[in-house]
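Q: I am new to this structure and would like a close look at one part, the interface. Please explain how the contact is built, then place it in its surroundings.

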Amino acid sequence: MGSDVKFLAIRKGLLEFLLLKIISTDKVYVADILGRLAGTEFATQEGTLYPLLSRMRRESLVDYEWQESEAGPPRKYYRLTAKGRAQLTELNDYWRDINRTVQELER
Amino acid sequence: MNKVTTVNLNGRAFQVEEQAYELLRAYLDEAARLLADDPDYREIMADLEQAIGDKGARHLRSGKNVLAAAEMKRILEEMGPVETGEGVMNAAPEAGAETSGPKRLYLIREGEMIAGVCNGLAAYFGVDPTIVRLVFVVLLFLSGGLIAIAYLVLMFVIPTAQTAEERAAARGLPFNAQELVDQAKRHYAGLKDSTQRWREKRRRDQERAFWRRRERRDPEGPHSSPFDRPQPGYGAQVAAGMVLPLIGVISAVLTVACLFAVVSLFATGEILGWSLPVGVPTWAAILALVAVYAMVTVPLRAVRYASYEALGPRRGWFVFWDGVLWLALVILAWWAAAHYVPGVSDFFQHLFHDWRDIVDVEGHYAALVGAR
């Protein structure tokens, strides 16, 4: 149980990073994001995603635009802002550094 | 047949079963509570409603235009708990913040086998009820049935978890709105076969709540409510649970004694070798005996009813088990006496013959006529 909680904390911390990664590839809407994460350790549900995306938009990391869809009501398509892109680059570097440290410590 | 309600999910109308509506409302209410301080409250709520609507639309097609409770449950499970920086909707443990409420042993009457003792123990120790039941059965064989007595004692002494607060305490969970939502969900899950009962209960609860509100608004007022008994505390319930079986045993012993005395008087005209004074008819002695029995049991009955009262809303259940215990003891006493006490067993033999003689009215009549 203790380790579960620790892993949960790691996953939570990384989720925003992964969202930036996913959104950077294309204009995506929530179902796309959930689909990309489903089946991974980071499988996420709407209940978590919407509040998080909304906070990221407030921090102007992402933005969205409404687009009509063939089936059903219009959807919010998210994309990265310039600030989001900058943060993603920063996080990518940071992640590489962390990885390197971990691997070096293993030797 | 279920009542159907129409809901507006972010601008789209959906028809949902009443139970599905209650589930949905519990989810959205809780989400709203969590997101109350979020600057994008409205937008997130709209997003959530939209997502629920999208998922709901997938369950519908032409010819099926109502969302059932089970479908709503699945949809909300897919949605997952609403999570913000400040908190999670679900009871998932947050790192660092080990939240727990008071933990107390309760009988849990949801999914119980007999009285919910194993269920309550399982909740208390945080293990699967099946494990506790298996252990119980093994102990039952190992102890030659003695553990059943422990079960009986626990059954009477441990209070039943009645309210959501008590159910939370039975698991040591904090009682908050989340617990209410969980309760509602669990309640609905087992609802398909007990809708009627639940409706009744809800009606009663609402009535009770109405009276409470009224009472609060007008504390000195003349409206005294039939429901507004003060809820007894845990200690009072435990005490009542301990007193009740004791009273049950005493009253069973008294009943058996009285029955013996009456039968003995009737059959032989004496009680344990003590015969009636000359001139006192048997029926008068029996009447006197019954009167004495009634008088002796008056305080016992008073204590019993006081205990029922202290048990609060679960007294109906208790009256049943108390009756079962009493009946079992009386039958056991008769059986044991008839089999193991030689005097009594002789007495029964005599009784049998006497009884046949008494019943044999024609024989009596013939004897009488013959005597003349």
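A: One definition comes first. A residue counts as buried when its relative accessible area is under 20%, as exposed when that value is over 50%, and as partly exposed in between. Keep in mind that this is a predicted model.

Start with the extent of the contact. Chain A brings 17 residues to it, and chain B brings 26 residues. Interface size is often expressed as the accessible area that is lost when the parts come together. Here, the area buried between chain A and chain B comes to about 1,700 Å². Carbon and sulfur atoms give 49% of that area.

Now look at the charges. Eight salt bridges cross the interface of chain A and chain B. Take one pair as an example: the side chains of B:Lys55 and A:Glu46 form a salt bridge, with 2.9 Å from N to O. Over all chains, the structure holds 21 salt bridges. The B:Lys55 and A:Glu46 pair joins two chains, because B:Lys55 sits in helix α2 of chain B while A:Glu46 sits in helix α3 of chain A, residues 46-58.

Are these two partners buried or exposed? A:Glu46 has a relative accessibility of 8%, so A:Glu46 counts as buried. B:Lys55 also has 8%, so B:Lys55 counts as buried too.

Stay on helix α2 of chain B, which spans residues 41-58 and also carries B:Asp47. B:Asp47 counts as buried because its relative accessibility is 8%. What does B:Asp47 touch, once residues up to four places away in sequence are set aside? The answer is A:Tyr50, A:Lys76 and A:Tyr78.

B:Asp47 is also part of a wider arrangement. A network of salt bridges links B:Asp47 with B:Asp38, B:Asp40 and B:Glu43 from chain B, and with A:Arg57, A:Arg58 and A:Lys76 from chain A. A:Lys76 therefore appears twice in this account: as a contact of B:Asp47 and as a member of the network.

Next, step back to chain A. It has four helices and two strands. Along the sequence they follow the pattern α-α-α-β-β-α. Chain A has 107 residues, and 37% of them count as buried. Its exposed area is about 6,600 Å², with carbon and sulfur atoms supplying 53%. Among the contacts in chain A with a separation of 6 or more, 51% are between residues 24 or more positions apart.

The strands of chain A share a salt bridge of their own. The side chains of A:Glu65 and A:Arg79 meet at 3.4 Å, N to O. This pair links distant parts of the chain: A:Glu65 belongs to strand β1 (residues 62-67), A:Arg79 belongs to strand β2 (residues 75-80), and the two are 14 residues apart. A:Glu65 has 27% relative accessibility, so A:Glu65 counts as partly exposed. A:Arg79, at 33%, therefore counts as partly exposed as well.

Chain B offers another pair. B:Lys73 and B:Glu77 form a salt bridge, with their closest N and O atoms 3.2 Å apart. These residues are four apart in helix α3 of chain B (residues 69-79), so about one helical turn separates them. B:Lys73 counts as partly exposed because its relative accessibility is 28%. B:Glu77 has 47%, so B:Glu77 counts as partly exposed.

Turn now to the nonpolar side chains. In soluble globular proteins, such side chains tend to be buried together. The largest nonpolar core here has 49 residues, and A:Ile33, B:Leu48 and B:Ile52 have the most contacts inside it. Setting aside neighbours within four places in sequence, A:Ile33 is in contact with A:Leu19, A:Ile22, A:Ile23, A:Val28, A:Leu49 and A:Leu53. A second core of 18 residues is separate, and B:Tyr308, B:Leu311, B:Phe318 and B:Leu325 are among its members.

Finally, chain B also has a nonpolar patch on the surface. B:Phe125, B:Val127, B:Ile131, B:Val135, B:Val138, B:Leu139 and B:Leu142 form it, with about 670 Å² of accessible area together. Helix α5 of chain B (residues 129-142) gives the largest share, five residues. B:Val135 is found in that helix. With 43% relative accessibility, B:Val135 counts as partly exposed.

How values were computed: Residues are numbered from 1 along each chain as its sequence is written. Chains are lettered from A and ligands numbered from 1 in the order in which they are written. This is a predicted model: local features need pLDDT of at least 70, side-chain atom pairs count only at pLDDT 80 or more; totals for chains, interfaces and linings use all residues. Side-chain values use heavy atoms; hydrogens and water are left out. Patches are made of residues with over 30% relative accessible area and no salt bridge: like charges are joined within 9 Å, nonpolar side chains (Val, Leu, Ile, Met, Phe, Trp, Tyr) within 5 Å. Accessible areas come from the Shrake-Rupley method with a 1.4 Å probe; for residues, only the protein chains shown count as cover. A salt bridge is a side-chain nitrogen of Lys or Arg within 4 Å of a carboxyl oxygen of Asp or Glu. Buried means under 20% relative accessible area, exposed over 50%, partly exposed in between (1.4 Å probe, protein chains only). A nonpolar core is a set of buried Ala, Val, Leu, Ile, Met, Phe, Trp, Tyr and Cys residues joined through side-chain atoms within 4.5 Å. Contact means heavy atoms within 4.5 Å. Buried area is the accessible area (1.4 Å probe) that two parts lose on being put together, summed over both.
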